[in-house]
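Student: Got a minute to go through this model with me? I'll jump around a bit.

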Number of protein chains: 2
Amino acid sequence: MADLVQQARDGQPRAVARLISLVEDRSPSLREVSAALSPLVGGAHIVGITGSPGVGKSTSTSALVTALRQQGHRVGVLAVDPTSPFSGGALLGDRVRMQDHALDEGVYIRSMASRGHLGGLSATAPQALRVLDAAGCDIVLVETVGVGQSEVEVAGLADTTVVLLAPGMGDGIQAAKAGILEIGDVFVVNKADRDGAASTRRELRSVISMTDRVDGAWKPPILLTTATTGDGVPEVVDEILAHRAHLADSGELRRRRLARTRREIEALALTEVRSRFAHLSGDARLDALAEQVLGGESDPFAAADTLVESL
Amino acid sequence: MADLVQQARDGQPRAVARLISLVEDRSPSLREVSAALSPLVGGAHIVGITGSPGVGKSTSTSALVTALRQQGHRVGVLAVDPTSPFSGGALLGDRVRMQDHALDEGVYIRSMASRGHLGGLSATAPQALRVLDAAGCDIVLVETVGVGQSEVEVAGLADTTVVLLAPGMGDGIQAAKAGILEIGDVFVVNKADRDGAASTRRELRSVISMTDRVDGAWKPPILLTTATTGDGVPEVVDEILAHRAHLADSGELRRRRLARTRREIEALALTEVRSRFAHLSGDARLDALAEQVLGGESDPFAAADTLVESL
């Protein structure tokens, strides 16, 4: 295990991939992997990329990778698909832009399925992020493929959240509904070559000024990009790095990471308890408790207390 | 507390109402109430009434109460509304048919809200059922007001599940989707005075014959009723009592109740654990664990294990 972690640290993509598989599959060695990674994490800045379907998320992610690489950053990408049961590299095959980076040794790209995984996205993605962090990525982009609640969940994993919008989609209101205006640190109106980009930016500006923000001291910029050509993308990178500096200087980085780590520990503890209970379904102890309740010798609360104590 | 339980046992409606409020509000004395009820429960046969909106559930429930009372049964009714935050007797005011029974001392009627209750329907309803059981009801009808997943949840609380349908609603297919065909013990096509009742019964007969049933030895009858006039309702009572006898004779009653009690104990234990975790949010111990993880001295899994052990 120490060898594998060292190989990942040395930049061997197969070692990184193997470690992510181990944490994602919740292999028996998961705890060992997690412990081995501990001293190596904390250097990566986690950037969540979120936005409604159709705004150009994967194209923007790819363009961000290009711009970050040009500045010499070592970059990780975690593409989370909450609707798919498949993980690995294959899923990215249809995402043509990502193939531009396939042969770049300074980029790790990983897709992750969360469907059917115990505890869902919130339980598996943080572990994969720790692997990419320990492997020496200084920026890790997390992007959701697909839709729904995971949008906000991804922001919960990130240090900096980039919210993507596109002109003429009524996105201002959609985003407000999804609760992502409060959590965006950098806003990007993509497809800026289309009509309505400037008015989308104005609309967004006025809505954001009215929202209660997580980090009140930071004024989130609203940038225009055309991800397909790369126009405006270096400015997004600048703002991400400016936000990183702001977080570090203000002490907000530590506060965010503490809150995130607390949530992660709680989620893992609850998952552990649930799985211990699940193992009890055929358990003689639970049967005995149920018999006592049916026999009138105990009651459901006393039996539940006994069960909790027996964990 | 012993006094209150004795008063409920003696048939005082206010004592029954008070006990249900105590269990529903998760009052500090909840465990005491639950323990005091233990030796008194098990006599009631729990009948779940389920079906899509518009099939006449509350009218049918009321008609069943009338028919059961005519046979001398002591009857409890628990009307669960998963969408309402309000509980008590007042909610039943708009359910005119139920007022027929308001002055009948052999009937306890209780509405129960589950929205916002920790653990939802599955955590609160079983406790209220135990109160009605301990109070000496020999039949308790559980009915959901409203729609959705709770339909199936209610069946999980019951010894006998009555599935209501109505002609011309395409209900056969709807019911199949909701997964209630497998769990119905008695099927009732209500509004039998309308066109299409006989064909709905035929359709239902053929669908049911193809489903894998929970209790394969019991052939669920399909009855026709007009709940507004009471036509056919005594036959539904006969089939409920026949099913009760079948369950007792076959040993299936004990098997169902054991499975139900196991689920109930597990659900309560999980709720207890979740609430203990919730109390930790501002807890210094969790903060200390998060600091250790951020500092690289521990990892999330080790911290989660420590948290579980500290319960």
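Student: Which helix does Thr200(B) lie in?

Tutor: Thr200(B) is in helix α8 of chain B, residues 197-210; helices here are DSSP runs of H or I of at least four residues, strands are E runs of at least two, and both are numbered from the N terminus. Before we go on, this is a predicted model, where local features need pLDDT of at least 70, side-chain atom pairs count only at pLDDT 80 or more, and totals for chains, interfaces and linings use all residues. Residues are numbered from 1 along each chain as its sequence is written, chains are lettered from A and ligands numbered from 1 in the order in which they are written, and side-chain values use heavy atoms, with hydrogens and water left out.

Student: OK. Is Thr200(B) buried or exposed?

Tutor: Thr200(B) is buried, at a relative accessible area of 7%. Buried means under 20% relative accessible area, exposed means over 50%, and partly exposed is in between (1.4 Å probe, protein chains only).

Student: What is Thr200(B) in contact with, leaving aside neighbours within four places in sequence?

Tutor: Thr200(B) contacts Ala166(B), Pro167(B), Gly168(B) and Val189(B), where contact means heavy atoms within 4.5 Å.

Student: Switching chains: where is Lys191(A) found?

Tutor: Lys191(A) sits in the loop between β6 (186-189) and α8 (197-210) of chain A. Lys191(A) is partly exposed, with a relative accessible area of 21%.

Student: And what does Lys191(A) touch, not counting residues up to four places away in sequence?

Tutor: Lys191(A) touches Gly54(A), Val55(A), Gly56(A), Ala166(A), Pro167(A), Thr225(A) and Thr226(A). Also, the C-alpha atoms of Lys191(A) and Leu224(A) are separated by 7.9 Å, with their positions 33 residues apart along the chain.

Student: Now salt bridges. How many does the structure hold over all chains?

Tutor: The structure holds 18 over all chains, a salt bridge being a side-chain nitrogen of Lys or Arg within 4 Å of a carboxyl oxygen of Asp or Glu. One of them joins the side chains of Asp185(A) and Arg256(A), at 3.2 Å from N to O. That pair links distant parts of the chain, 71 residues apart: Asp185(A) is in the loop between α7 (171-178) and β6 of chain A, and Arg256(A) is in helix α10 (residues 252-278) of chain A. Asp185(A) and Arg256(A) are both buried.

Student: Which residues are linked with Asp185(A) in a network of salt bridges?

Tutor: Glu252(A), Arg255(A) and Arg256(A) are linked with Asp185(A) in that network.

Student: What about Arg256(B) and Glu252(B), how do their side chains meet?

Tutor: In a salt bridge, 3.2 Å from N to O. Arg256(B) and Glu252(B) are four residues apart in helix α10 of chain B, so about one helical turn separates them. Arg256(B) is buried, as is Glu252(B).

Student: How many salt bridges are there between chain B and chain A?

Tutor: Six. In one of them, Arg254(A) pairs with Glu291(B), with the closest N and O atoms 2.2 Å apart. In another, Glu291(A) pairs with Arg254(B), with the closest N and O atoms 2.3 Å apart. This second pair crosses from helix α11 (residues 284-294) of chain A, where Glu291(A) is, to helix α10 of chain B, where Arg254(B) is. Glu291(A) is partly exposed at 34% relative accessibility, and Arg254(B) is partly exposed at 45%.

Student: How much area do chain B and chain A bury between them?

Tutor: About 4300 Å², 67% of it on carbon and sulfur atoms; buried area is the accessible area (1.4 Å probe) that two parts lose on being put together, summed over both. In chain B, Ile265(B), Leu294(B) and Phe301(B) lose the most area to chain A, together 17% of what that side buries. The contact takes 44 residues from chain B and 45 residues from chain A.

Student: Why do the copies meet through the same surface?

Tutor: Because 100% of the interface residues of chain B are also interface residues in chain A.

Student: And what turn lays chain B on chain A?

Tutor: A turn of 180°, with a shift of 0.0 Å along the axis and an RMSD of 0.1 Å, superposing by least squares on the C-alpha atoms of residues with pLDDT of at least 70 in both copies. The two copies are therefore related as by a two-fold rotation axis. In chain B, the C-alpha nearest the axis belongs to Val273(B), 4.0 Å from it.
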